[in-house]
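Here is a short walk through one protein chain. It begins with the whole chain and then turns to a few of its parts.

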Amino acid sequence: MTVMVPKFFGMPQDFIRLGKARALSGFAVKLYNALWEQSERYSSRELKRTIRELTKLIGGSPNSHRKAREELVRAGLIQAEPFGSEGMVYVLCDPSTGHPWPGSPKERIPYKPFQEAASPVSTGAGTAARPKVTRVATSSEMAGTAFPYGANVIDRAQTPEVAAKKDLDPFGLDPLPDANAPWKRGARPLIGSPTGATNTEISERTIDLKWDF
């Protein structure tokens, strides 16, 4: 709470912000201010006051007090009941509802921030539930992760520049076979192969052909 003076009394903000003050006469506003000052001074939202006591605070005639009291009741700012021959029981109300605050009039009403009071979703512990956010891993974070059909291992030795120097395939496969390499005797030629590579005995070749698909 920010208060600019050392001695003060409180009033509901809704008295101004909901336009309640615009509909009241000047003397009704004076009476409303006096009731809140007395509420602050005696720590209660229920007050028993005579017209004589209130006249000492704000002046006015008994007829002015009666009219102002009726205005405040119609505006939903107070409840007023006769008490004795000259007194009245005033109960200060919540301007936003037109009814007294719940609980004892001597109990302090705790302040609730707007976000907390208007939050529609709660986890039961007094805090709003936060939606779950699924994070998608980047390609660099997924490097080296094993998958059922291989791994996306980033091997810098298999880059196109290094592969050209080492006679490697740019995509990380085994060295390409030499078309003129000799074959072991007895292998059946592969149809269309100029060097006689075989289908069934391909592993017998001097240079082992190993392709991983």
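How much area does the chain expose, and what percentage of it do carbon and sulfur atoms supply? The chain exposes about 16200 Å², and carbon and sulfur atoms supply 56% of that area. Accessible areas come from the Shrake-Rupley method with a 1.4 Å probe, and for residues only the protein chains shown count as cover. This is a predicted model, in which local features need pLDDT of at least 70 and side-chain atom pairs count only at pLDDT 80 or more, while totals for chains, interfaces and linings use all residues. Residues are numbered from 1 along each chain as its sequence is written, and side-chain values use heavy atoms, with hydrogens and water left out.

The chain has six helices and six strands; helices (H or I, at least four residues) and strands (E, at least two) are DSSP runs, numbered from the N terminus. Along the sequence their order is α-α-β-α-α-β-β-β-α-β-β-α. Of the 213 residues, 23% are buried, where buried means under 20% relative accessible area, exposed over 50%, and partly exposed in between (1.4 Å probe, protein chains only).

Helix 2 covers residues 26–42, which is 17 residues. Its first and last C-alpha atoms are 25 Å apart, close to the 24 Å expected at 1.5 Å a residue; the expected span is 1.5 Å times one less than the number of residues. Among the buried residues of helix 2 are Phe 27, Leu 31, Tyr 32, Leu 35 and Trp 36. Their cover includes helix 1, strand 1, helix 3, helix 4, strand 2 and strand 3. After helix 2 comes Ser 43, with a positive phi near 55 degrees.

The largest nonpolar core has 21 residues. Such a core is a set of buried Ala, Val, Leu, Ile, Met, Phe, Trp, Tyr and Cys residues joined through side-chain atoms within 4.5 Å. Helix 2 gives the most to this core, with seven residues. Leu 31 is one of the residues with the most contacts inside the core. Leaving aside neighbours within four places in sequence, Leu 31 is in contact (heavy atoms within 4.5 Å) with residues including Leu 54, Ile 58 and Leu 72.

Asp 94, in strand 3, is buried yet has no salt bridge, that is, no side-chain nitrogen of Lys or Arg within 4 Å of a carboxyl oxygen of Asp or Glu. The nearest side chain of opposite charge is Lys 20, 8.8 Å away; Lys and Arg count as positive and Asp and Glu as negative, while His and the chain ends are not counted.
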